[in-house]
Every structure is written in structure tokens, then in C-alpha cells.
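Work through the exercises below with the model open. Each task is followed by a stepwise solution.

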Amino acid sequence: LDDLGLTGNTLVIYASDQGYCCGHHGLWGKGNASNPRNIYDTSLQIPLIFRQPGRIPKGVTTEAMFSSYDFVPTVLAYLDLPPSTARNLPGQSFAPALKDRTWQGPDAVFAEYGRSRMIRTATHKLVHRADGGPDELYDLQKDPDEATNLAGKPEHRKQLVALRKRLFKWFDKYAEAGRDPIGNEYLRPDDEE
């Protein structure tokens, strides 16, 4: 790009499609390194670098949470193109974060892998399985390595239920309500709070 004089007019994006466990949690591989599939941060977090000298300040970083579903809205906004309105898509533009490290992103991100779904906030992560398999709840401030599952602890039940309700609400909006990605019924526990 430098040799052709295109550096300033070209947006370069470096990313990956998933993270990878390299011995973390006793696993080697991505989410399908375990059964049921895992949604550990080591399997999810990826590098994401945007570069365009003269337009994106050098060295700006952010702690804001983003997901792959934010990618298209971000690139469209960055290029001053209108957002896609063809389908009911999740995601928002995080183009402001490319210039302003104080920009506040969403307070949660969501993911789905196989028959597992996840909500992750800055402080907690809940993994719920469609087949009724065990939930996983992690306090990411006290346990950033996701070593202690709090889902079965009575003192964390209120947090688990609140996150699970939010998870279901988000997937009801952006996926086929009550179904996993391949059309199977998505089992939901009866929570009374």
C-alpha cells in the first residue's frame, strides 16, 4: 500500500474468526474442543485492529465489548454508508471507538455456538445450553479465568435468573423464538422470582 501510495485511502482490518484454548481449562482447540461446546473467553476473544493512517489515530485502544455482529454496522458507518435495513440484525456501529477511547459500547455481548448461548457483561458471563445441560455462571471480576462455576450456588441465583431472562429476550428478538440454530426446541427453565 505504501509503495502504491494507497495507505491513507485504505482501511486495513485485522481480525480472526475465533479464539483458541492452548491448554486453558485443560483444552486444546476452540469451542468444539469440549462436549458440550465451550464458550470460554479463550475460545471467543479475538484480535481486532483497524488501521488507516491519517484517519484513525495511532495507538487508540478500548476496553468496550464488541461482537462479530457489530462488524458490518461499524464498517458501513466508518465508510459513511447507510446501515443495512434488509433484515432484523443485531449489532451497532463502534466506529466512534476508532477515534475516541472514552466511547462507551454496549453493556453486554451475546453469542451462540452449537446449542449453547451466552451473555457476557463486563462483570459476569452466563452460558445456557438448549438441551437443558448445566448452566455456567462466572464472576469475571473475581474469576477472570472462568474456573469456578457459580450457577448452582443459591447466593448467585438472582444474578443467574436476571442474565438468563436477558439472554432469552435478546435471542427471541434476533433468532427464531424458542429454537436453536438448527430448529430444535430450545429448553427454558421455569424461573420464578
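**Exercise 1. Burial along a helix**

Task: In this predicted model, list the buried residues of H3. Then find what they pack against.

Solution:
1. Start with the buried set. In H3, Leu160, Val161, Leu163, Arg164, Leu167, Phe168, Trp170 and Phe171 are buried.
2. Next, look across from these side chains. The buried residues of H3 pack against S5, S6, strand S7 (124-129) and strand S8 (136-139).
3. Now check the helix geometry. H3 has 18 residues. From first C-alpha to last, H3 reaches 26 Å, close to the 26 Å expected at 1.5 Å a residue.

**Exercise 2. A ring pair inside H3**

Task: Classify the ring pair of Trp170 and Tyr174, and state whether each residue is buried or partly exposed.

Solution:
1. Choose the descriptors. A pair of aromatic rings is described by the distance of the centres and the angle of the planes.
2. Place the residues. Trp170 and Tyr174 both lie in helix H3 (residues 157-174). They are 4 residues apart, about one turn of the helix.
3. Test burial against the cut-off: buried means under 20% relative accessible area. Trp170, at 17%, counts as buried. Tyr174, at 25%, counts as partly exposed.
4. Read the geometry. The ring centres of Trp170 and Tyr174 are 4.9 Å apart and the planes are at 50°, so the pair is tilted.
5. Widen the view. Ring pairs link Trp170 and Tyr174 with Tyr69, Phe110 and Phe171 into a cluster.

**Exercise 3. A ring pair between loops**

Task: The structure holds 8 aromatic pairs. Take Phe66 and Phe94, and work out which parts their pair ties together.

Solution:
1. Get the geometry. Phe66 and Phe94 are 3.9 Å apart centre to centre, with 35° between the planes. This pair is tilted.
2. Locate both rings. Phe66 lies in the loop between strand S4 (48-51) and helix H2 (71-78), and Phe94 in the loop between H2 and S5.
3. Conclude. The pair therefore ties together parts that are 28 residues apart in sequence.
4. Add accessibility. Phe66 is partly exposed at 23%. Phe94 is buried at 4%.

**Exercise 4. A hairpin**

Task: Describe how S5 and S6 pair, and how many residues lie between them.

Solution:
1. Set the strands. S5 covers residues 108-113 and S6 covers residues 116-121.
2. Find the sense. The two strands pair in the antiparallel sense over 6 bridges.
3. Pick one bridge. Tyr113 has Ser116 in S6 as its bridge partner.
4. Inspect the turn. S5 and S6 form a hairpin with 2 residues between them. Gly114 in the turn has a positive phi of about 60°.

Methods
Residues numbered from 1 in each chain as written. Predicted model: local features only at pLDDT ≥ 70, side-chain atom pairs only at ≥ 80, totals over all residues. Heavy atoms only, no water. Pairing = 2+ DSSP bridges. Phe/Tyr/Trp six-rings, centres within 6.5 Å; stacked < 30°, edge-to-face > 60°. Buried < 20%, exposed > 50% of the residue type's maximum accessible area, 1.4 Å probe, protein only. Expected span 1.5 Å × (residues − 1). Contact = heavy atoms within 4.5 Å.
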